[in-house]
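Got your viewer open? Grab the selection tool and let's take a walk, one stop at a time.

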Amino acid sequence: MVFSALPPTAAAFAASAGSAASAGHPHAGAPTLDALILAAAGLALFLYIAAAVASRRGGRPWPWHRVGCWCAGVVAAVVAVVGPVADAAHGDFVMHMWAHLLIGMLAPLLLVLAAPVTLALRTLSVTPARRLSRLLRSGPATVIAHPVTALVLSAGGLWVIYRTTVFGAMHANPLLLLVVHAHLLLAGYLFTAALIGLDPAPHAPRRTVQAVVLVLAMASHAVLAKTLYAFPLAGVPVASAHEGAQLMYYAGAFVEAAIIVVFCAQWYRAAGRRVVPGEAAPGQASPGHTAGRLPARASTAVTSRSAG
Amino acid sequence: MVTVDSAVARDSWEARVARSGQNAWSGILFGVGLAAFVDEAVFHQLLHWHHFYDGGTTELGLISDGLFHAVSWFATIAALFMLADLRRRGALWWLRWTGGVLLGSGVFQLYDGLVQHKVFSLHQIRYVEDLWLYDVTWNGIAIALLVAGVVLVVMTRAGRARRNIDG
């Protein structure tokens, strides 16, 4: 592996920076795409909130903080692709990195914490719910949802975007840019769900596998950030390459830390179900006894592993 | 005849012995994270002695840096959850845990000082004339931490705790 000899990217990034400054709107034909993205986001918000309300009316209140997570996740993803941040990201590497962090890391984390599949299974009528459940249990879905697959797609995808001609090409082609953003969001979701997913997982992976995958993904992200510092992309001024790379390295670590906290908290909670205070007399701890010492699971909370 | 107080202490020592490994590992992981945090906060951010990248960095250095960046974040957080788990089980053994912290931070600092700084040329401690003085101090502290950690961890082996239960 020779980082310095990686293929240079096209100079479209710099060129688009110029056009962004002069033309005001960076990509021609974008209004239609923007409208489509906004419509999709509106639909995602509407469906989730409608399902949450339906669940509440049906006597099973859906926690509001999950609704909040879903809305924030959708907004984070949209801000990265439509509006001032997205426009600035077109020619400014630092803003590009902010957009990348929003859509590839923060939005997936928030969306996963909203447990959309659980909400869907709860509110769909029996036949579609069974179909969805069968789909999630199918072979292909199991392979795609595996942490190692998610690692290859998300971490590997980043190396392809930044260390091949994709980075340059996507700034010349709005459609390719949309595909790359969709990939970042979906791969990020898949990755986060494989590690800290709250939705039912038919074949929950082992925690050690998940921990190793998490560490490898973080390491890959940090190494990629340092190579972007050491060998700036074509068309990116050295100063903003350095600032953007450090943003990727440090800000990325904070989102990763949030994932680690949730991951460890899930372990802590699961280990707590077997806790015997003092461990002197196994089997004597009644659920009532441990409930006072451990964070009690809200009845409305989603059951993570046991649900599958 | 066992009084209530001694029953509590007894339970606690049995739990410590049963979780002897977890006590040491929680400390070691926290030590690795702590050393990495001091390295980042003090030497990179406050003093600006260390450089994010210094041109002489080898590719193995970048990979090693990335791995340790990831491991140290994970280790810090996981270690604290393990510590909380020990506490709720009445199995926390501060002396052994502290030994783990010293051991973990010594190992990380020695690896950073010898392998990352010298073999992989990730960056130097400080960009000055008499760098060797900094290297000797850095690695000397690392060895001192490491030795202190080993002593504490060996001193608090499970057998010793078992004698506490019996006595």
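Which residues have the most contacts inside the largest nonpolar core? Keep in mind as you look that this is a predicted model. Select Ile103(A), Leu106(A), Ala107(A), Leu110(A) and Leu214(A), then add Phe74(B) and Ala78(B): these are the ones with the most contacts inside that core, which has 108 residues. As background, nonpolar side chains tend to be buried together in soluble globular proteins.

**Stop 1: helix α5 of chain A**

Now select residues 93–113 of chain A. This is helix α5, and the largest share of the core, 14 residues, comes from here. Is this helix mostly covered or mostly uncovered? Mostly covered: 18 of the 21 residues of α5(A) are buried.

Try putting a distance between the two end C-alpha atoms of α5(A). They are 29 Å apart, which agrees with the 30 Å that 21 residues should span at 1.5 Å a residue. Then look along the helix for Leu102(A), where α5(A) bends by about 35°.

**Stop 2: just past the end of α5**

Click on Ala115(A). This residue comes just after α5(A), in the loop between α5 and α6 (116–123) of chain A. Its phi is near 50°, a positive value in a residue other than glycine. Is Ala115(A) buried or exposed? Ala115(A) counts as buried because it has 25 C-beta neighbours inside 10 Å, and the cut-off for being buried is 20 or more.

**Stop 3: what sits against α5**

Go back to Leu110(A), one of the core residues with the most contacts. Which residues does Leu110(A) touch, leaving aside its neighbours within four places in sequence? Show Cys69(A), Ala72(A), Gly73(A) and Ala76(A), and you have them.

Pick Gly73(A) out of that group. Gly73(A) lies in helix α3 of chain A. Looking from this side, and again skipping neighbours within four places, Gly73(A) is in contact with Ala107(A), Leu110(A), Leu111(A) and Ala114(A). Gly73(A) is buried because 25 other C-beta atoms lie within 10 Å.

For a different view, draw a line from the C-alpha of Gly73(A) to the C-alpha of Leu135(A). These atoms are separated by 24 Å, and the two residues are 62 apart along the chain.

**Stop 4: where chain A meets chain B**

Color the two chains differently and find where they touch. Here 30 residues of chain A are in contact with 27 residues of chain B. Select α12 (207–230) and α13 (238–272) of chain A, since each supplies at least two residues of the side that touches chain B. Which element gives the most to that side? That would be α12(A), with 12 residues. Color the chain A side by class and you'll get 22 nonpolar, 4 polar and 4 charged residues.

**Stop 5: a long look at chain B**

Hide chain A for a moment. Chain B comes to 6 helices and 0 strands, and 45% of its 167 residues count as buried. Among its contacts between residues at least 6 apart in sequence, 91% join residues at least 24 apart.

Select residues 94–119 of chain B, which form helix α4. This helix has 26 residues and reaches 36 Å from its first C-alpha to its last, close to the 38 Å expected. Stop at Asp112(B), where α4(B) bends by about 30°. After α4(B), look for Ser121(B), whose phi is positive, near 50°.

**Stop 6: zoom out on chain A**

Bring chain A back. How many helices does chain A have? There are 14, with 0 strands. Of the 308 residues in chain A, 36% are buried. Among contacts between residues at least 6 apart in sequence, 76% join residues at least 24 apart.

**Last stop: color by confidence**

Color chain A by pLDDT. The average is 82, and 79% of the residues score at least 70. Which elements of chain A have the lowest and the highest mean pLDDT? Helix α14 (residues 287–291) has the lowest at 37, and helix α3 (residues 64–81) the highest at 96. Next select residues 4–11 of chain A: pLDDT is below 50 there, and the stretch has 18 contacts in the model beyond near neighbours in sequence. Residues 17–26 of chain A also stay under 50, with 13 contacts beyond four places in sequence.

Technical notes: Residues numbered from 1 in each chain as written. Chains lettered and ligands numbered in written order. Predicted model: local features only at pLDDT ≥ 70, side-chain atom pairs only at ≥ 80, totals over all residues. pLDDT = per-residue confidence, 0-100. Helix = DSSP H or I, 4+ residues; strand = E, 2+ residues; numbered from the N terminus. Contact = placed C-beta atoms within 7 Å. Nonpolar A, V, L, I, M, F, W, Y, C, P; charged D, E, K, R; others polar. Core = buried A, V, L, I, M, F, W, Y, C linked by C-beta atoms within 7 Å. Buried ≥ 20, exposed ≤ 12 C-beta atoms within 10 Å, placed from the backbone. Expected span 1.5 Å × (residues − 1). Bend = angle between axes of the 7 residues up to and from the residue.
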